[in-house]
Amino acid sequence: MSSLTITSKARAGAGRRPGSTASRSQNRQGWAYVAPTAAVLLILFVAPIIVVIIMACSRWTLLGGSQGVNFPDNFTKVFSNQLLGTSIWFTVKYTVLTTVILMPIAYGLALLVQESRHWNSILRTAILVPSALGIASASLLFYALYSPQVGPINSILEKIGSTEAGASILGTPNGALWATILLVVWRFAGYYMLLTMVGLQAIPGDVYEAAKLDGAGRLRTLSSITIPLLKPTIAMTMIMSVTGSLLAFDQFYILTKGGPNNSTMTIVQLIYRDAFETRKDLGMAAALSVLLLLALVIINLVQLRAMRFDSDSK
């Protein structure tokens with residue numbers, strides 16, 4: 001085929017109008033590819049949010065269903081709940097402690113696995129095994145480990161004098177908090193380690209070689225090369241950790257049921273309690289869910305804004 005023929009066909013394609021048959025066919029193909037994802041998004045995300053907003057603005061009981069609009073009564077009742085302040089404070093404390101502890105451990109494990117030569121596969125498998133368990137299954141496992149009757153942990157604490165004989169580590173507010181943090185770190189450290197390893201492996205090796213030739217030590221390399229280049233991964237894992245911690249439910253429901261004395265009551269537990277246990281008021285629970293969703297959006301936007309500011313300031 002001559003170059004003149006190719007050029008003429010290219011000009012004909014370039015001069016194709018947006019409203020032509022070929023253009024409409026391409027648009028239909030594009031919508032066909034997008035349609036399944038859009039349908040899943042609408043059914044599993046948009047529709048439930050709309051239903052929750054409607055419930056939050058209505059008098060909606062567990063057994064009686066919708067009984068008409070009562071906005072803003074549900075939101076007023078949320079702020080009059082005596083456990084709201086306690087649950088917010090505990091959720092924030094748990095989120096900060098979990099994130100601060102989990103992130104360095106995941107980074108350390110990633111370095112350990114990456115630098116290991118002989119036991120790399122064994123270490124990686126051993127660290128990733130807990131990630132295969134669901135959080136509910138892991139909570140049941142640790143509930144047995146913490147049990148004064150069958151678990152070994154309380155016996156060990158008794159021997160070193162940390163707890164009294166027959167007492168449970170879950171029987172005190174601080175003990176229940178740290179026991180749950182230990183569970184979460186054990187369950188998610190391998191997962192965050194894997195994400196951190198992906199970020200570390202994306203850093204070019206030439207950068208480290210140049211730093212070594214310039215005489216940079218380990219601390220200097222960590223602060224000037226590794227952490228700055230690892231910021232996108234750190235930001236992603238931090239957002240996941242903060243969001244998951246603010247929405248914590250399974251581990252506390254299985255281990256403590258919000259006790260002792262409501263000291264480990266999270267916001268999601270409070271929503272569940274208002275909806276299905278004490279008040280059986282779905283409207284009030286939906287109102288608290290909407291407020292929690294707004295808080296999550298604001299927190300994530302602040303984190304994304306801070307990350308964008310850091311990247312723009314370089």
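Tutor: Before we begin, a helix in this predicted model is a DSSP run of H or I with at least four residues, and helices are numbered from the N terminus.

Student: How many helices and how many strands does the protein have?

Tutor: Both kinds of element are present in this predicted model, and they are counted separately. The count comes to 14 helices and two strands.

Student: What is the radius of gyration of the protein, set against the globule rule for 314 residues?

Tutor: The globule rule gives 20 Å for 314 residues, and the protein lies well over that, so it is more spread out than a compact globule. Taken along the principal axes, the box filled by its C-alpha atoms is roughly 90 × 70 × 35 Å. The radius of gyration itself is 27 Å.

Student: Which helix gives the most to the lining of the second largest pocket?

Tutor: The second largest pocket holds about 460 Å³ of space, and its lining has 22 residues, with Val 52, Ala 286, Ser 289, Val 290 and Leu 293 nearest the centre. Two or more lining residues come from each of helix 2 (21-56), helix 13 (267-276) and helix 14 (282-312). With nine residues, the one that gives the most is helix 14.

Student: How do the residues of that lining, in the second largest pocket, divide by class?

Tutor: Each lining residue is placed in one of three classes, and the charged class stays empty for this pocket. The full division is 20 nonpolar, two polar and no charged.

Student: Which helix gives the most to the lining of the largest pocket?

Tutor: The largest pocket holds about 540 Å³ of space, and among its 17 lining residues Glu 115, Tyr 208, Arg 218, Thr 221 and Thr 226 are the closest to the centre. By class, this lining has nine nonpolar, four polar and four charged residues. Helix 4 (84-115), helix 9 (205-213) and helix 10 each supply at least two lining residues. The most, five residues, comes from helix 10.

Student: At roughly what angle do the axes of helix 10 and helix 11 cross?

Tutor: Helix 10 covers residues 218-229 and helix 11 covers residues 231-246, and their axes come within 4 Å of each other. The crossing angle is roughly 55 degrees.

Student: Which residues make the contact between helix 10 and helix 11?

Tutor: The crossing angle makes helix 10 oblique to helix 11. By class, their contact has five nonpolar, no polar and one charged residues. The residues are Ile 227, Pro 228 and Leu 229 of helix 10, with Lys 231, Pro 232 and Ile 234 of helix 11.

Conventions:
Residues numbered from 1 in each chain as written. Predicted model: local features only at pLDDT ≥ 70, side-chain atom pairs only at ≥ 80, totals over all residues. Heavy atoms only, no water. Axes fitted to C-alpha atoms, helices over the stretch in contact; angles between N-to-C directions. Parallel < 35°, antiparallel > 145°, perpendicular 65-115°, else oblique. Contact = heavy atoms within 4.5 Å. Nonpolar A, V, L, I, M, F, W, Y, C, P; charged D, E, K, R; others polar. 1 Å grid on protein atoms, 1.4 Å probe; cavity = no way out; pocket = protein on both sides within 12 Å on 5 of 7 lines; lining within 4 Å. Points joined across faces, edges and corners; volume = space filled by probe spheres on them. Rg over C-alpha atoms; globule rule 2.2 N^0.38 Å.
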